[in-house]
Amino acid sequence: ARMEEVQFGELPYLEEVESVMSVAYSVDGKFLALGLYGGNINIYDTANWTKTQTLEGHGSIVTGIAYSPSGEQLLSGSCDKTVRLWSCKTGSTDIILEGHTGEVRAVAFSPAGKQVASASNDATVRLWDSRTGSILFVLHGHTRLVISIAYSPDGGRNIVSGGFNRKIRTFNTHTGEIELTLENTAAGNCVAYSPDGSRIIAGDEDGYLLVWRSATGQSVKRLKGSSGRIDAVGYSQDGRWIASSSNDNTVTLWEAQSLIPVSVFIGHSNDIESVMFSPNSLQLASGSSDKTVRLWDVTTVGAKLNPVANQSNEVLGVAYCPDGRNLFAGSSSGIVQQYDATTGDSGPSYSCSFKVDVMALSPDGCRIACAGYSNDIQTWKADTGASEYVFQGHTDWIFALAYSPDGQRLASGSSDNTVRLWNTCSGASDLVLYGHKNTVRAVTFSWCGLQVVSGSSDGTIRVWNVGTGESRVTVDIGESLVAVKIGYSAIGLQIALQRKGSNCVELWHQESLEALHNLQHSSEVGYISLSPCGQWIATECNGSMWLWKLVVRGAAQEWELVLVVRDILRFSSCISWRPDALEFVTVGSAGSIQVWKLVETPGSGWCARLGWSSGHTAFTATDATIVDVVGLSEVKCRLLKQRGARDELLPDTESSNESQQETI
């Protein structure tokens, strides 16, 4: 085996001469065993990653390996139809277990160590006495290949098995009887128990992870785990993480409690056959048909529970809390994730029954309201995540939310052409405001809270008296609008509109009923965002972000285009400004989020620096060598290092602490 040079604590990259089909850590974490395609087993010392032993004996692929709880024996199964128990001290075979009539596909040690199990293409699971090698039970029930097994952590009272008959079964290991049959699966390619034994998880042919309650067999969740077949799955010992691997060459890390994906590890170039966490839960090993083992540092992503943007959890909208300390991201899966706005570290998450792309925070930051692809509004306490109310009354999707200055009321605008006012203390609907003739796309309260201003696709801006419900039209352009943004800033009420078919964003004065400024773009604008200070406007145009600044020249005020951020991240659906700093967050076309800081450099003008990002914002380079990294922290160097085989990657020592500003 060849190991790339390890510098600055980078993780080792092990390369074998043949496909790595199975991996296993010893119970104390001091050794890592690799089962190889040719039938050998290589043992590595994890302290220095040197190979200490090669176990020879199997005549074909080593499909499964497991250490005994005592650490004295190693169990292996092979396509040669045998199971072997090895002495870890001498490397010799203690017992050869024979009886399967088909290839052995998986093996497992019971938690007590007295029993071992093997699964085979002969459609059976066999339970053996680990001391004598005698057969205890032959478990029948599967009608086709059985390719995965796992003991329950309660001493091994049960064993779960998965195979190609679209069923997953649990057996009592003391009686050999079937206890549960879990159906609705494309295949039981891989199975695992949670460390507390409460859940069973399995991966299937269609790229889904399926979770059940182990006591009842009740389905908990079905998650899209990858674009390809899921071949391996496992829990960390501390119960915090789940790892799944796929034949799309990726490993996905999940937060076990919320079942939210937090990172995708990319680096393998072929099917990943096996994954396993180290006993201390800080490291993850993956073995692949590309003849490598990669060791992923879980701690580098553990501090940032960043939901992975994929088809099942695409970020749709973002919003800052009023003091700017926290950022909230709503997703297509209904998960709302809280982040530290400065560092990107994650906080609590909240779960809705609908896609979330509209959010509002109460002025004191204690409540969060969410809406989107639904007629309902759901609210929580932001600090604890405790659910409060579900506001019901709208008859179509909700596009806008805003809290009153005192936090006692919530305003909502909907495709049902109405504005509704809600009592945030009781959850009751206080008032329904009729007058708009098309979708209400923007709402905001006046500084005093006695008025609500709303903007609609019908081309009008209305000001409502919250006491009487009466309104007056302050702007009427007589045309349909594709974008409307209204908000009170440090310079007063700002209104930004875009007519259908126009490339111009118009800034209107509420009282004079005239457009004050026109922001001309190269094509139609997809999104408009007004900064809280009133000095900046961000617009999305043709996949790029345009930044406009209010410039005062004598008695005149003009809006100037000072910066366009193009192409690299393909901005699209949402832009939101941070209240306490000259920063903003964008949602990209792939559902990722990026936090940017505006910086003015003498002689060079304004630039936008990427602070941190979450989700699938990938820098892709094929057959490339990355050199001369500037401003990248040592941790980020490790993340790049473990995804490649190069050792030229070194941090810039003078700027390695600037981990939030990275340039390659």
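Five bridges join strand E38 to strand E39 (residues 409-414), and the two run antiparallel. Helices (H or I, at least four residues) and strands (E, at least two) are DSSP runs, numbered from the N terminus, and two strands pair if DSSP finds at least two bridges between them. Everything here comes from a predicted model, in which local features need pLDDT of at least 70, side-chain atom pairs count only at pLDDT 80 or more, and totals for chains, interfaces and linings use all residues. Residues are numbered from 1 along each chain as its sequence is written, and side-chain values use heavy atoms, with hydrogens and water left out.

Let's stay with that pair of strands for a moment. E38 and E39 form a hairpin with five residues between them, and in the turn glycine 407 has a positive phi of about 75°. Across the pairing, tyrosine 403 stands opposite leucine 410 in E39. Is E38 buried or exposed? Five of the six residues of E38 (residues 398-403) are buried, so this strand is largely enclosed by the rest of the structure. Buried here means under 20% relative accessible area, exposed means over 50%, and partly exposed is in between (1.4 Å probe, protein chains only).

Now step back to the whole chain. The chain has two helices and 57 strands. Of its 664 residues, 55% count as buried. Among the contacts in the chain with a separation of 6 or more, 41% are between residues 24 or more positions apart; a contact means heavy atoms within 4.5 Å.

The UniProt record, an unreviewed entry, places the feature "repeat: WD" at several spans, including residues 55-96, 223-258 and 391-423. UniProt positions are given in the numbering used here, feature names are shortened, and annotations may be inferred rather than shown by experiment. In the model, residues 223-258 are 0% helix and 56% strand, with end C-alpha atoms 11 Å apart. For residues 391-423, the figures are 0% helix and 55% strand, and the end C-alpha atoms lie 9 Å apart.

For a view of one sheet, look at the four strands in the order E7-E8-E9-E10, which make an open sheet with antiparallel pairing. Strand E7 (62-67) and strand E10 (93-97) stand at the edges with a single partner strand each, so one side of each is left without a neighbour in the sheet. Neighbouring strands of this sheet are turned by 20° against each other on average, direction ignored; the axes are lines fitted to C-alpha atoms, for helices over the stretch in contact, and angles run from 0 to 180 degrees between N-to-C directions. E7 pairs with strand E8 (residues 73-78) in the antiparallel sense over five bridges, and glycine 64 has glycine 77 in E8 as its bridge partner.

Next come the charged side chains. Side chains of opposite charge can pair when their charged atoms come close. How many salt bridges does the structure hold? There are 13 salt bridges, each defined as a side-chain nitrogen of Lys or Arg within 4 Å of a carboxyl oxygen of Asp or Glu.

One of them joins arginine 157 and glutamate 179 (3.4 Å, N to O). This pair links distant parts of the chain: arginine 157 is in the loop between strand E15 (146-151) and strand E16 (158-163), and glutamate 179 is in strand E18 (residues 178-182), 22 residues apart. Arginine 157 is partly exposed, with a relative accessible area of 37%, and glutamate 179 is partly exposed at 37% too.

Another salt bridge brings together arginine 367 and glutamate 388 (2.7 Å, N to O). Arginine 367 lies in strand E35 (residues 367-372) and glutamate 388 in strand E37 (residues 387-391), so the pair ties together parts that are 21 residues apart in sequence. Glutamate 388 is partly exposed, with a relative accessible area of 22%.

The hairpin strand E39 returns in the salt bridge between arginine 409 and aspartate 430 (3.3 Å, N to O). Because arginine 409 lies in E39 and aspartate 430 in strand E41 (residues 429-433), the pair ties together parts that are 21 residues apart in sequence. Arginine 409 counts as partly exposed at 24% relative accessibility. Elsewhere, Arg229, Asp231 and Asp271 are linked in a network of salt bridges.

Finally, the cysteines. The structure holds zero disulfides, a disulfide being a pair of cysteine sulfur atoms within 2.5 Å. For cysteine 370, the nearest cysteine sulfur, that of cysteine 352, is 4.9 Å away. Cysteine 370 counts as buried at 0% relative accessibility, and cysteine 321 is buried at 4%.
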